[in-house]
Amino acid sequence: INVLAVGGGPGEGRGDPETWLAYGSQDGVTRIVDIETGTRLHEFAFERRPILALAVSPDGTRLATGDGHGYITVLNTQTWSIETDFRAALKGPIWALAFSRDGAVLHAGGIENIVYSWPLADLAGFDPMATDTPQFLKRPEDMSNGERQFARKCSICHALSADGGRKAGPTLHNVFGRRAGTLPAYPYSETLLGSDIVWSAETIDRLFLDGPDHYIPGSKMPMQRIVAQRDRDDLIDYLKTASATEATKGDTQ
Ligand code: HEC
């Protein structure tokens, strides 16, 4: 057994007695047992081993595991189902995990001298179990300015992959040349449905020069302006390539 964590309790709040104990082992299995009786409640096994890190979110609703192959799995402890399973950009194993106090951010560490952090809202957009498409999550200093603009200001709501993930906004895959509001599966606002804007370098530039609240008033996209011309140019340059290639499946953050 490499790691232990406890959780549970009626209200899942602080001070409630724990009801389960989770342990991650060398054989790559995370087991959850009833803390009173030792009865095995749940078991999560992957072809990967060993389990090296466990963390419980402060409200007790999530349990994150990190393994020797560099994968992080986030389990929902209310349903005991897998919320996210992804390969982090860390080199080598994940051997340290921690949730932020508000439970919104997951931090991870391994062999490198760096801590990586992800907003959990973003992780919801990762394909669960996409084990053959590792997500190369990069550090801001390794990104171009355009990619960083996208990562910071857009990626929480927009995917670049064809399938679009499960994000609040429509995917920006092939956005150039697309008429606004025309992705069949996305529930657009009336504003975008009735719009005759065609997305191009010029219209995307206007969108963030004026802000969505002015350029497409009534849209569901929150108010946000990108004031510096250079940041808009770099973002648009980045989007031109990134929205057109399958290689960007998933998102950088
Ligand atoms: C907090 C979430 C959020 C953020 C951040 C965000 N968007 Fe959006 N975006 C949306 C939503 C929601 C829509 C759909 C709006 C509607 O239906 O009115 C949208 C629509 C769009 C559209 C129109 C797509 C189409 O199919 O017509 C473009 C282009 C776009 N966003 C680009 C961006 C870019 C570039 C950024 C970053 C600078 C960004 N958005 C940041 C939520 C967001």
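## Polar contacts with the ligand

A polar contact is a pair of N or O atoms within 3.5 Å. In this predicted model, a polar side-chain atom of Arg-178 is 2.9 Å from an oxygen atom of the ligand. Tyr-188 also places a polar side-chain atom 2.5 Å from a ligand oxygen, and for Ser-189 the distance from a polar side-chain atom to an oxygen atom of the ligand is 2.5 Å.

## Ligand site

The ligand occupies the largest pocket. Around the ligand are 24 residues, of which Cys-154, Cys-157, His-158, Ser-189 and Met-221 come nearest. Ser-189 thus appears both in this group and in the polar contacts above.

## Iron coordination

Two protein atoms are donors to the iron atom of the ligand: NE2 of His-158 and SD of Met-221, lying 2.0 Å from it. His-158 belongs to the loop between helix H2 (145-153) and helix H3 (190-193), and Met-221 to the loop between helix H5 (212-215) and helix H6 (229-242), so the two donors tie together parts that are 63 residues apart in sequence.

Six donor atoms surround the iron atom of the ligand, and the arrangement is octahedral because the angles they subtend run from 84 to 178°. For six octahedral donors, the ideal angles at a metal are 90 or 180 degrees.

## Accessibility of the protein donors

His-158 is buried, its relative accessible area being 10%. Met-221 has a relative accessibility of 25% and counts as partly exposed. The cut-off that separates these two classes is 20% relative accessible area.

Methods:
Residues numbered from 1 in each chain as written. Predicted model: local features only at pLDDT ≥ 70, side-chain atom pairs only at ≥ 80, totals over all residues. Heavy atoms only, no water. Donors = N, O, S within 2.8 Å, 3.2 Å for Na, K, Ca; no water. Tetrahedral: all angles 85-135°; square planar, octahedral: opposite > 155°, others 65-115°. Helix = DSSP H or I, 4+ residues; strand = E, 2+ residues; numbered from the N terminus. Buried < 20%, exposed > 50% of the residue type's maximum accessible area, 1.4 Å probe, protein only. Near = heavy atom within 4 Å. Polar contact = N/O pair within 3.5 Å; in protein donor to acceptor, adjacent residues only side chain to side chain. 1 Å grid on protein atoms, 1.4 Å probe; cavity = no way out; pocket = protein on both sides within 12 Å on 5 of 7 lines; lining within 4 Å. Sits in = over half its atoms within 2 Å of the grid points.
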